[in-house]
Each structure stands twice: as structure tokens, then as C-alpha cells.
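Let's take a walk through this model together, starting from the overall layout and ending in the packing of side chains.

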Amino acid sequence: MKTTTWLSEMTVGDPVIDAAHRALFDQMVFLLRAGDSELGDGFLSLTDKLEYDFREEERLMEGLDFPDLHGHREEHAKVLACLHQVDPADVGAAREALRLMLKWFPAHVATMDSALVVALRRAAVPAAAVSPLHAAADAPAPR
Ligand SMILES: [Fe+2]
Ligand SMILES: [Fe+2]
């Protein structure tokens, strides 16, 4: 299965979270295909946006007293630690990291993020009500 194709199980049912995920996924695919000169800056920007997205999800989970907050946060932290180890000027390493991200991201969204959306729905809390990122999915992340 191609990892550059958006899969139906990646749509978790909260329109604003889905839009944020789609924007991140599209940026990963774009960067994987981008030329070397675009890749370095784009990789740093993607890392910033992922960091912001993860932080917003963790804020949502904290607000819900979410049972798997620890495990979900740990997975986010591991991914960020890997991304921060990549020198964006090393285009081979950056592309390999993107390939790995495109394998990891769908599974994470379809399982851990999906569970978060179920919990939000149970609590009757739309993500947009508490998350500025998810209220404006395509807004640039703060640097
Ligand atoms: Fe997510
Ligand atoms: Fe997540």
C-alpha cells in the first residue's frame, strides 16, 4: 500500500482535527517529493507544526483527564526526539525520516488520535472549542 495516499481510517471524525492531520500529511508527502533546496526549511517547518499539533492534543487530553495521556504523550515525544536528531541539511536523512513518518502517522492517527476523538465526543467537547491549532488547522505554527 502506498504510504503517500490518505487512507479512510485516517479520518477520525472531528472535522478540525481531521483538517489539521490532513495538512500535516500533505506537507509530509509534498516534502518527500520536493527538491533538495526546499527540503531543509520545509523539514524544520514540518517539525515545528508537528510539535505544536502534539502539544495541542496533549492539552486536549489533559482537559479530559484522558486515561492514555501518558502513552500518547510518550509516543509524541519519541517521534519528536527522532525528528530533532535529523540534520535537515542532510537530504538523505531527512527523506528517510519522512518515509518513516509516513508509515508511523497513519497508524498513530487511526489508533491513538482516534481514541482521543472518541473521548472528546463522549465529553461533548469539540476540539475547536479548546484548541487554537485545531480551530485554524492551516494557520502557520508559531516559531
Ligand atoms: Fe494527531
Ligand atoms: Fe497524537
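How many helices and strands does the chain have? There are 6 helices and 0 strands, where helices (H or I, at least four residues) and strands (E, at least two) are DSSP runs numbered from the N terminus. Before going on, a word on conventions: this is a predicted model, in which local features need pLDDT of at least 70 and side-chain atom pairs count only at pLDDT 80 or more, while totals for chains, interfaces and linings use all residues. Residues are numbered from 1 along each chain as its sequence is written, and chains are lettered from A and ligands numbered from 1 in the order in which they are written.

A good place to begin is α2. This helix has 29 residues and reaches 42 Å from its first C-alpha to its last, close to the 42 Å expected at 1.5 Å a residue; the expected span is 1.5 Å times one less than the number of residues. Even so, α2 bends by about 30° at glycine 42, the bend being the angle between axes fitted to the seven residues ending there and the seven starting there. Just after α2, aspartate 65 takes a positive phi of about 55°.

Which residues of α2 are buried? Among them are Leu39, Gly42, Phe43, Leu46, Asp53 and Glu56. A residue is buried if 20 or more other C-beta atoms, placed from the backbone, lie within 10 Å of its own, exposed if 12 or fewer, and partly exposed in between. Lysine 49, also in α2, has 19 other C-beta atoms within 10 Å and is therefore partly exposed.

Now look inside. The largest nonpolar core (buried Ala, Val, Leu, Ile, Met, Phe, Trp, Tyr and Cys residues joined through C-beta atoms within 7 Å) has 13 residues, and those with the most contacts inside it include Met28, Phe43, Leu46 and Ala94. The elements giving two or more residues to this core are α1, α2, α3 and α4. Apart from it lies another core, of 5 residues, among them Leu60, Met61, Phe66 and Leu120.

Finally, consider how two of these helices meet. α1 and α4 pack at an angle of about 170°, with their axes 9 Å apart; axes are lines fitted to C-alpha atoms over the stretch in contact, and angles run from 0 to 180 degrees between N-to-C directions. The pair is therefore roughly antiparallel, a label for angles over 145 degrees. Residues making the contact (C-beta atoms within 7 Å) include Phe25 and Met28 of α1 and Leu98 and Phe105 of α4.

Terms used
Parallel < 35°, antiparallel > 145°, perpendicular 65-115°, else oblique. Contact = placed C-beta atoms within 7 Å.
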